[in-house]
Amino acid sequence: MTNAELVELFAEALEIEASAIQPEKEIAEYKEWNSLAWLTIMALLDERYNIQLSAADFRSFVTVQDVIDNITSKASAA
Amino acid sequence: MSANITALSCYLPERKVSNQELQAENPTWDMEHIGQKTGILCRRTAAENETAADMAFSAAERLFDTASVKREEIDYLLFCTQSPDYALPASACILQDRLQLSVNCGAIDFNQGCSGYIYGLQLANALVCSGTARNVLLLTGETYSKYINCRDRSVRTLFGDAATATVISGSKPGARIITTEVGTDGSGSSNLIVPVGGARQRFSATPLPELCDENGSIRSAANLFMNGQELFTFTLKRVPALIDRLLTKTGLVANDVDLFVFHQANAFMNEYLRKKMHLPREKVPLFMSDIGNTVSNTIPLTLSSIAPQLLPGNKVVLVGFGVGYSWGAGLLEWADVEVSPAV
């Protein structure tokens with residue numbers, strides 16, 4: 001998977017354009033952000049990449065880039 | 001010896017709480033978006049003075065009014081609730097009296113939520129097949145609304161109240177309980193919980209503080225708390241494996257099953273589970289848009305809504321999962337059941 005694919009996935013979960021995703025922006029600052037968006041991200045990651053995020057993972061995420069880094073490291077470890 | 005479901009009836013409380021009403025009450029909630037995701041547009045809630053046992057009583061009375069089973073034939077009452085009338089005695093004892101069941105009737109409450117109907121069928125099956133009871137009345141009744149803080153978006157938008165009544169009999173024909181499977185992982189207990197009010201943390205005279213979480217939902221420790229992400233992860237981990245286990249045990253494959261009745265958590269979760277297991281949409285009904293997630297009542301409510309379309313011999317898989325964590329599945333071979341759906 002590429003960074004662009006993950007940004008696309010993030011945008012899909014937030015129901016916004018991929019171009020509106022800024023990797024260094026804090027997740028909580030997106031006005032579309034809510035707990036349902038999290039669930040959508042979890043579902044899409046599971047469906048497309050068979051990756052499951054833990055609650056501990058979620059607590060450590062501040063920016064979109066944090067999520068991408070975590071997923072990329074999980075994918076390369078698998 | 002087999003145990004068969006012979007009759008099923010449902011009860012929904014009168015009060016409707018629509019998404020429009022929640023939107024008007026909570027201007028910051030995006031109810032249109034939430035409704036699209038959850039598939040829930042309205043939920044029913046019990047009246048202030050109406051309890052889970054009251055609603056279960058109504059469901060049972062409706063059953064005795066409409067089905068051929070007589071109340072004097074019931075020799076065991078199982079009541080599944082997490083909202084009992086009292087810490088003690090068991091609500092089932094009070095219901096035995098209110099329903100005028102035999103004094104030789106066993107009566108117990110059991111505390112389960114979304115897996116509760118499967119547990120009820122499993123226990124009823126064991127009671128009947130062991131010769132302990134002939135006709136078991138299984139009641140489910142739940143009023144999470146009484147635990148929910150009205151400003152907690154995460155749960156208020158999902159849950160509704162309801163009750164159901166089912167008769168499981170060894171001597172009469174009906175939908176046969178072929179087998180059941182259950183499982184438990186108590187390490188997830190804190191992810192769906194009402195922390196205060198039991199013996200561990202008792203109610204105190206001073207009101208508990210209401211705190212706002214990072215999503216803007218407000219609740220006290222005496223309110224229902226749900227960690228939706230953890231519940232979602234748990235479900236993805238356990239439910240497909242549970243269904244595999246049930247099917248393997250019975251020598252069936254998913255294609256042999258005519259209908260899957262899942263616990264109606266929310267449309268997002270249920271549709272995700274369905275797709276993950278590659279099940280066709282027409283075999284996995286959703287029945288929550290007007291009533292919400294009614295915990296232990298979702299499976300019998302969904303079953304009652306779809307019963308007219310079922311044919312004798314159809315294989316029906318029931319699947320419950322949630323609070324505990326607790327999960328369970330059962331396989332039925334359908335036959336004529338006297339069904340009185342909710343109104």
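Two residues count as in contact here if their C-beta atoms, placed from the backbone, lie within 7 Å. Keep that in mind as you walk through this predicted model.

**Stop 1: where the chains meet.** Select chains A and B together. Eleven residues of chain A are in contact with eleven of chain B. On the chain A side, color α2 (35–49) and α3 (55–60), the elements that each give two or more residues to the surface touching chain B. The biggest share comes from α2(A), with seven residues. By type, this side of chain A has seven nonpolar residues, three polar and one charged.

**Stop 2: a strand inside chain B.** Now select residues 76–80 of chain B, strand β4. Five of its five residues are buried, so the strand is largely enclosed by the rest of the structure. Turn it to look at each face: B:Tyr76, B:Leu78 and B:Cys80 lie on one side, B:Leu77 and B:Phe79 on the other, and all are buried. In a regular strand, side chains alternate between the two faces of the sheet.

**Stop 3: the strand's partners.** Add β5 (residues 106–110) of chain B, which runs parallel to β4(B) and is joined to it by five bridges. Look for B:Phe79 opposite B:Asp109. To get from β4(B) to β5(B), the chain passes through helix α4 (residues 91–98) in a right-handed β-α-β crossover. Then show β6 (residues 135–142) of chain B, also paired parallel with β4(B) over five bridges; here B:Tyr76 has B:Val136 as its bridge partner.

**Stop 4: the core.** Finish on B:Leu77. Along with B:Ala56 and B:Leu139, B:Leu77 has the most contacts inside the largest nonpolar core, a set of 116 residues. Beyond its sequence neighbours within four places, its contacts include B:Leu95, B:Cys105 and B:Leu139.

Definitions and conventions:
Residues are numbered from 1 along each chain as its sequence is written. Chains are lettered from A and ligands numbered from 1 in the order in which they are written. This is a predicted model: local features need pLDDT of at least 70, side-chain atom pairs count only at pLDDT 80 or more; totals for chains, interfaces and linings use all residues. A nonpolar core is a set of buried Ala, Val, Leu, Ile, Met, Phe, Trp, Tyr and Cys residues joined through C-beta atoms within 7 Å. A residue is buried if 20 or more other C-beta atoms lie within 10 Å of its own, exposed if 12 or fewer, and partly exposed in between; C-beta atoms are placed from the backbone. Helices (H or I, at least four residues) and strands (E, at least two) are DSSP runs, numbered from the N terminus. Ala, Val, Leu, Ile, Met, Phe, Trp, Tyr, Cys and Pro count as nonpolar, Asp, Glu, Lys and Arg as charged, and the others, Gly among them, as polar. Two strands pair if DSSP finds at least two bridges between them. A crossover is right-handed if, with the strands pointing away from the viewer, the path from the first strand over the helix to the second runs clockwise.
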